[in-house]
Amino acid sequence: MIDLLMPTIAQGLLWAIMALGVYITYRVLDIADLTVEGSFPLGAAVAASLLAGGYSPWLAFGAAMLAGLLAGILTMIALYSVNLRVMGKANLSLLRVDTVFSIMRDIGGFSNAQAVLCVGIVSSLLIGGLIYWFFGTEIGAAIRATGFNPQMIRAQGVDTNFTIILGLLISNALVALSGALVAQNNGFADVGMGTGTIVIGLASVIIGEVLFGTRSFKNCIISVVLGSIVYRLVIAAVLQMGMPPNDLKLFTAILVAFALSLPLIKSKLGLRKAVK
């Protein structure tokens with residue numbers, strides 16, 4: 001059980017960074033940004049190409065985030081071709097290439113699962129802390145206000161076009177960073193690895209909000225990270241029970257629909273109790 005639990009939690013932490021990026025657009029900006037499905041494999045493609053070229057993982061992370069500063073429906077469509085250009089082929093292997101996980105295994109003597117878990121914890125804490133700090137600044141508060149009440153913030157003299165674009169840039173940079181981490185953990189980057197990413201991100205956000213609440217912005221960030229872990233645990237559990245991997249996308253869609261309906265179900269049950 002422990003052998004399954006540790007890698008699953010580690011995977012959840014790596015994907016949590018992508019979920020945080022989705023949270024910024026979906027909840028903070030109140031925008032459905034589909035670029036995630038293109039920027040996630042773009043981050044993976046850029047990082048994998050640099051690592052295969054002998055560059056350090058840290059440079060690969062930075063380049064992946066810079067490449068991820070893209071947003072828009074047309075951009076998402078174009079990124080499929082861009083990712084093929086970046087990698088030179090549909091799939092780029094990272095076998096026998098130094099990654100952040102292999103470096104930790106060599107230097108720290110960690111097992112693969114321990115290395116992934118350690119990187120996942122550090123990354124989630126660092127990114128979560130930076131998000132909490134940034135959105136507490138003046139410009140961060142302006143981005144939050146743009147999603148909450150754009151008319152009000154425009155009346156305060158804030159350019160909402162700028163705040164929306166900045167929020168989208170931050171979101172996709174985080175998604176690309178997550179793609180770079182996942183590619184290094186998987187040992188390859190694939191042009192199709194972004195398919196369904198937006199649904200996974202939404203599932204993590206919604207599950208986290210339903211299970212852990214949204215009492216404050218800090219609570220929301222923690223909820224998204226925990227939601228990503230719970231999502232991965234649920235997926236691991238249903239696979240252990242014998243669900244065919246081909247049905248995972250269908251199961252994810254059902255899971256998201258159920259999570260979305262939970263608040264309504266709770267309110268209906270509460271109303272019936274009040275009536276009785």
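Which residues of helix H5 (residues 100–108) are buried? They are Val100, Phe101, Ser102 and Met104. The model behind this answer is predicted. Glycine 109 follows H5 with a positive phi, near 75°.

**Overall fold**

The protein chain has 12 helices and 2 strands. Along the sequence, their order is α-α-α-α-β-α-α-α-α-α-β-α-α-α. The radius of gyration is 19 Å, close to the 19 Å that the globule rule gives for 276 residues, so the protein chain is as compact as a globular protein of that length. Taken along the principal axes, the C-alpha atoms fill a box of roughly 65 × 50 × 35 Å.

Of the 276 residues, 47% count as buried. Contacts reach far along the sequence. Among those between residues at least 6 apart, 78% join residues at least 24 apart. The accessible surface of the protein chain comes to about 13700 Å². Carbon and sulfur atoms account for 67% of that surface.

**Helices H10 and H11**

A nonpolar surface patch of about 320 Å² is made by Leu211, Phe212, Ile222 and Leu226. Helix H10 (197–212) and helix H11 (217–240) each give two or more residues to this patch.

Leucine 226 sits in helix H11. How high is the relative accessible area of leucine 226? The value is 31%, so leucine 226 is partly exposed. Patch residues need over 30% relative accessible area, and leucine 226, at 31%, is therefore above that cut-off.

Glutamate 209 lies in helix H10. Is glutamate 209 buried or exposed? Its relative accessible area is 15%, so glutamate 209 is buried; the limit for buried is under 20%. Leaving aside neighbours within four places in sequence, glutamate 209 is in contact with Tyr23, Arg27, Thr214 and Ser223. One of these partners, Ser223, falls within the range of helix H11 (217–240).

The two residues compare as follows.

| Residue | Helix | Relative accessible area | Class |
|---|---|---|---|
| Leucine 226 | H11 | 31% | partly exposed |
| Glutamate 209 | H10 | 15% | buried |

What span should the 24 residues of H11 have? At 1.5 Å a residue, they should span 34 Å. The end C-alpha atoms of H11 are 35 Å apart, which agrees. Just after H11, glycine 242 takes a positive phi of about 105°. A glycine with positive phi thus appears after H5, at glycine 109, and just after H11, at glycine 242.

Methods
Residues are numbered from 1 along each chain as its sequence is written. This is a predicted model: local features need pLDDT of at least 70, side-chain atom pairs count only at pLDDT 80 or more; totals for chains, interfaces and linings use all residues. Side-chain values use heavy atoms; hydrogens and water are left out. Patches are made of residues with over 30% relative accessible area and no salt bridge: like charges are joined within 9 Å, nonpolar side chains (Val, Leu, Ile, Met, Phe, Trp, Tyr) within 5 Å. Accessible areas come from the Shrake-Rupley method with a 1.4 Å probe; for residues, only the protein chains shown count as cover. A salt bridge is a side-chain nitrogen of Lys or Arg within 4 Å of a carboxyl oxygen of Asp or Glu. Helices (H or I, at least four residues) and strands (E, at least two) are DSSP runs, numbered from the N terminus. Buried means under 20% relative accessible area, exposed over 50%, partly exposed in between (1.4 Å probe, protein chains only). Contact means heavy atoms within 4.5 Å. The expected span of a helix is 1.5 Å times one less than its number of residues. The radius of gyration is taken over C-alpha atoms; the globule rule is 2.2 Å times the number of residues to the power 0.38.
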